[in-house]
Amino acid sequence: MKTQRITVRGIIFNDNKMLAQQLKPGSDGKKREYWCTPGGGLEPQESLLEGLHREMIEETGVAPEIGNLLFIQQYEDVEKEFLEFFFHIKNAADYEAIDLASTTHGLLEIEATAFVNPREYNVLPAFLQTIDIQSHIDGNHPVVISNEMTRL
């Protein structure tokens, strides 16, 4: 049976661009050909909002102003099952100049951080490449639930 992991991620969106990170190569040494939103796994007994606050500071050095829940994704890889919660981060301007050297985890885990147009980059999860993120931030849609599990 696979272990389960709950993760939290920040959606920082400004002028049709989203803050994304390209992670350092994995244990296999291969370059990661995708970008993702900042965030990570919850610690035991940690709430979603506490975990997101901690992860955003660890990876960006910036304290987030956490907004609404926008998306939920469930998926699995070879080793684990994941349940991810994506929250809007309201203070996008504070993330314009991130210094990875001033973070606790940035230089260890992250190759690059930039505001990118998700329609022009290989951003994961893939639904972020096609969905109208700003419309969700504005509250025009309910929370999107993406289920990428191979079994039901």
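**Exercise 1.** In this predicted model, determine whether Thr60 is buried or exposed, and describe its surroundings.

*Solution.* Begin with the relative accessible area, which for Thr60 is 2%. Since a residue counts as buried under 20%, Thr60 is buried. Next, place the residue in the secondary structure: Thr60 belongs to helix H1, which covers residues 48-60. Then list its neighbours, leaving aside residues up to four places away in sequence: Thr60 touches Leu19, Gln21, Pro38, Tyr95, Ile98 and Thr103. For one of these, Pro38, the separation along the chain is 22 residues, while the C-alpha atoms of Thr60 and Pro38 are 7.9 Å apart.

**Exercise 2.** Identify which backbone atoms the side chain of Thr60 reaches.

*Solution.* Taking the oxygen partner to start with, the side chain of Thr60 reaches the backbone oxygen of Met56 at 2.5 Å. Turning to nitrogen, the side chain of Thr60 also reaches the backbone nitrogen of Val62, at 3.2 Å.

**Exercise 3.** Work out how the radius of gyration of the protein compares with the value for a compact globule, and set the result beside the fold as a whole.

*Solution.* For 152 residues, a compact globule would have a radius of gyration near 15 Å, and the protein has 15 Å, so the two agree. The elements are 3 helices and 10 strands, which run β-β-β-β-β-α-β-β-α-β-β-α-β from the N terminus. Among contacts with a separation of 6 or more, 65% join residues 24 or more positions apart. Finally, consider burial across the chain: 44% of the 152 residues count as buried, and Thr60, at 2% relative accessible area, is one of the buried residues.

How values were computed: Residues are numbered from 1 along each chain as its sequence is written. This is a predicted model: local features need pLDDT of at least 70, side-chain atom pairs count only at pLDDT 80 or more; totals for chains, interfaces and linings use all residues. Side-chain values use heavy atoms; hydrogens and water are left out. Helices (H or I, at least four residues) and strands (E, at least two) are DSSP runs, numbered from the N terminus. The radius of gyration is taken over C-alpha atoms; the globule rule is 2.2 Å times the number of residues to the power 0.38. Buried means under 20% relative accessible area, exposed over 50%, partly exposed in between (1.4 Å probe, protein chains only). Contact means heavy atoms within 4.5 Å. A polar contact is a pair of N or O atoms within 3.5 Å; within protein, one must be able to donate a hydrogen and the other to accept it, and residues adjacent in sequence count only if both atoms are side-chain atoms.
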